[in-house]
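Q: I would like to learn how to read a few features of a structure, one at a time. Where should we begin?

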Amino acid sequence: MQHMIELNLDMEGLLERVKFYQGTFALQEALFGLENDDPEAFHAGIEAYR
């Protein structure tokens with residue numbers, strides 16, 4: 001990863017954004033479950049926060 005950052009200075013900022021969005025996946029899954037009456041998706045997503 002460090003090698004990629006050295007090749008592209010903007011890569012470090014991009015990696016921070018990737019980590020942020022990755023951190024929202026479980027919440028998005030829980031929200032999907034609520035919006036679509038899918039209790040399995042809700043519980044799978046919310047489990048990451050318990």
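Q: At what angle do helix H3 and helix H4 pack?
A: A packing angle is taken between the N-to-C directions of two fitted axes. In this predicted model, helix H3 (residues 25–35) and helix H4 (residues 39–46) pack at an angle of about 155 degrees. Their axes lie 7 Å apart.

Q: Is H3 roughly parallel or roughly antiparallel to H4?
A: Angles over 145 degrees count as roughly antiparallel. H3 is therefore roughly antiparallel to H4. The crossing of H3 and H4 is left-handed.

Q: What is notable about the phi of Asp 37?
A: Asp 37 has a positive phi of about 50 degrees, although Asp 37 is not a glycine. This residue sits in the loop between H3 and H4.

Q: Is Asp 37 buried or exposed?
A: The cut-off for exposed is over 50% relative accessible area. Asp 37 counts as exposed because its relative accessibility is 70%.

Q: How does Leu 27 compare with that cut-off, and where does Leu 27 lie?
A: Values between 20% and 50% count as partly exposed. Leu 27 is placed in helix H3, and at 49% relative accessibility Leu 27 counts as partly exposed.

Q: What separates the C-alpha atoms of Leu 27 and Glu 47?
A: Two positions can be compared along the chain and in space. Leu 27 and Glu 47 are 20 residues apart along the chain, and their C-alpha atoms are separated by 9.5 Å.

Q: Which residues make the nonpolar surface patch?
A: A patch of this kind joins nonpolar side chains within 5 Å, from residues with over 30% relative accessible area. Here Phe 20, Tyr 21 and Phe 25 make a patch of about 380 Å². Tyr 21 belongs to helix H2 (residues 11–22). With a relative accessible area of 47%, Tyr 21 is partly exposed.

Q: How many helices and strands does the chain have?
A: There are 4 helices and 0 strands. From the N terminus on, the order of elements is α-α-α-α.

Q: What share of the residues is buried, and how much area does the chain expose?
A: Buried means under 20% relative accessible area. Buried residues make up 18% of the 50 residues in the chain. The chain exposes about 4400 Å², and carbon and sulfur atoms supply 58% of that area.

Terms used: Residues are numbered from 1 along each chain as its sequence is written. This is a predicted model: local features need pLDDT of at least 70, side-chain atom pairs count only at pLDDT 80 or more; totals for chains, interfaces and linings use all residues. Side-chain values use heavy atoms; hydrogens and water are left out. Patches are made of residues with over 30% relative accessible area and no salt bridge: like charges are joined within 9 Å, nonpolar side chains (Val, Leu, Ile, Met, Phe, Trp, Tyr) within 5 Å. Accessible areas come from the Shrake-Rupley method with a 1.4 Å probe; for residues, only the protein chains shown count as cover. A salt bridge is a side-chain nitrogen of Lys or Arg within 4 Å of a carboxyl oxygen of Asp or Glu. Helices (H or I, at least four residues) and strands (E, at least two) are DSSP runs, numbered from the N terminus. Buried means under 20% relative accessible area, exposed over 50%, partly exposed in between (1.4 Å probe, protein chains only). Axes are lines fitted to C-alpha atoms, for helices over the stretch in contact, and angles run from 0 to 180 degrees between N-to-C directions. Angles under 35 degrees count as roughly parallel, over 145 as roughly antiparallel, 65 to 115 as roughly perpendicular and the rest as oblique. A crossing is left-handed if the near helix is turned anticlockwise from the far one by less than a right angle, and right-handed if clockwise.
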